[in-house]
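Q: Can you walk me through how this one is put together? I'd like to start with the domains.

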Protein chains: 2
Amino acid sequence: MDINIEESRTADRRDAPIGVFDSGVGGLTVVREIMRNLPEERIVYFGDTARVPYGSKSQENVIRFSEQIIHFLQTQDVKAIVVACNTASALALDAVEQELDIPIVGVIGPGARMAVESTKNKRVGVIGTESTIRSRTYDRFIQALDSEIVVFGKACPLFVPLVEEGWLKDSVTEEVARRYLSELLRKDIDTLILGCTHYPLIRSLIEKLAGDQVHLVNPAYETAQELGRLLERMNLQNTGEHNAGREMYQFYVSDAAEKFGEFANSILPYDVTRARKINIEEY
Amino acid sequence: MDINIEESRTADRRDAPIGVFDSGVGGLTVVREIMRNLPEERIVYFGDTARVPYGSKSQENVIRFSEQIIHFLQTQDVKAIVVACNTASALALDAVEQELDIPIVGVIGPGARMAVESTKNKRVGVIGTESTIRSRTYDRFIQALDSEIVVFGKACPLFVPLVEEGWLKDSVTEEVARRYLSELLRKDIDTLILGCTHYPLIRSLIEKLAGDQVHLVNPAYETAQELGRLLERMNLQNTGEHNAGREMYQFYVSDAAEKFGEFANSILPYDVTRARKINIEEY
């Protein structure tokens, strides 16, 4: 019997998981969108909880951390990688992309493209961590697509700890958001990018303050869409045929696995029974 | 000419600096107290800004990080070490103390001793990071001194980002503090330990909410006092005679040295012109 090795290899690759990584728990909002939009895809998630947050770290360190994580994900035989962290997408994607022989998607590109499609008055706001905003990566991506668009960035360093405290629909969080957003809203923006993976968890509060005139862009959702198109184009979509008996979702962290599990269960449409801790510095 | 080598060595040791370390910038409140209270002592400070915060990390990692930092400080020939980080004092001091041939002081012991001296009704509150509170180290230190004292702990994870945002005298910070403290204040405590190095920077706000009935203990101040007594006892006090021409204060960080300098200058009675970045994982 003849076996078409090329085809069987492609079939194997289709069954392989997607590697998703973030500096901590925030990337789970991207995992959530992949689960919802690409339900047959298996996922290996790594959250760098020992070294979170990346937002205050140098580019050099963020690149080094990203390389270690990609090495780990490759040991899990992933077919594609999603950088579900705005800071790592901003600071490390260019550097790591060159070394890889599998596709890699960051959250900045898909978010920027949707913002360009969405804006009518060509005035776009971006909120994120200090490092994402300082890097002006969204600005560069957007202006490469349409140089007439003006981008206004605002760092919101208290949002992540507020979300991690669980104060999602809360008067303190609302007051903090009002302060952070007021400056941006005075700029007459019609589109606002939620440029940090934690922010979709306070989306309704941001939406309320931003008003109907401002369209919110969630890069987590756009990234899941982009990943879907990419897998289709490369014939790497999982059909689900061989998923039976395989672990669909695996979660790894570099520290404090229990705490991660709690947070994961509060936001995912899936019961995370186990997060495994690894020593990421060995990779 | 006879030289008394033993004596000359002791004299050299007296001129050596104190090593102080913290997970980031918070330990500068301890540096500030040492500068004020022991003005002839030279200081080498290390802030682990690449791996901050320790509060959410496991004991295993906090011990490993502390060991690396102590190795670095020893290359700077320090005569004593101050662990100016509540989390590292809580989780790592016992483990690292055994390996060292120079004295080491944490912030928990001095803070706990002052709380025991201060309380009349034997009801003491402690506020700190999640990890410090979860470890119950202040409780153990206090109860070892007086087992009748009841200790009430409360984790305040938003205080550090609020302080780092510079919102020190602020309505949002006050509302957050009111929520965190209300539970403790209902316990009828008469003493409250500021169990995280950032908290002295919002001391006046905490004082206002806690009221006159509650005595605040600042472990940073108590630690500087303890260090002074220890140096005296071991005949290691710097007389200041040989300080001329020597660098009094040196600052090292593991990441983002510029940002560190700004924060340092906002709280120290000294102009930090330079913070040097080192790769702490090499130690």
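Q: What domains does the assignment give for chain A?
A: The assignment gives domain 1 (5–106 + 222–282) and domain 2 (109–219). The bounds come from an automatic or database domain assignment. This is a predicted model, where local features need pLDDT of at least 70, side-chain atom pairs count only at pLDDT 80 or more, and totals for chains, interfaces and linings use all residues. Residues are numbered from 1 along each chain as its sequence is written, with chains lettered from A and ligands numbered from 1 in the order in which they are written.

Q: What separates the centres of the two domains of chain A?
A: 24 Å, taken over C-alpha atoms.

Q: And how many residues does the contact take from each domain of chain A?
A: 21 residues from domain 1 and 21 residues from domain 2. Two residues are in contact if their C-beta atoms, placed from the backbone, lie within 7 Å.

Q: Which helices supply at least two residues of the domain 1 side in chain A?
A: Helix 2 (28–37), helix 4 (86–97) and helix 11 (219–233) of chain A each do. Helices here are DSSP runs (H or I, at least four residues), numbered from the N terminus.

Q: How do the residues on that side of domain 1 of chain A divide?
A: Into 8 nonpolar, 10 polar and 3 charged. Ala, Val, Leu, Ile, Met, Phe, Trp, Tyr, Cys and Pro count as nonpolar, Asp, Glu, Lys and Arg as charged, and the others, Gly among them, as polar.

Q: Switching to the chains. What rotation superposes chain B on chain A?
A: One of 180 degrees, with 0.0 Å of shift along its axis and an RMSD of 0.0 Å. The two copies are thus related as by a two-fold rotation axis. The superposition is by least squares on the C-alpha atoms of residues with pLDDT of at least 70 in both.

Q: Which C-alpha of chain B is nearest the axis?
A: That of Arg51(B), 2.8 Å from it.

Q: How many residues of each chain are in contact?
A: 16 residues of chain B with 16 residues of chain A. On the chain B side, helix 9 (171–185) and helix 8 (159–164) give two or more residues, and helix 9 gives the most, with 3 residues. That side has 8 nonpolar, 3 polar and 5 charged residues.

Q: Why do the copies meet through the same surface?
A: Because 100% of the interface residues of chain B are also interface residues in chain A.
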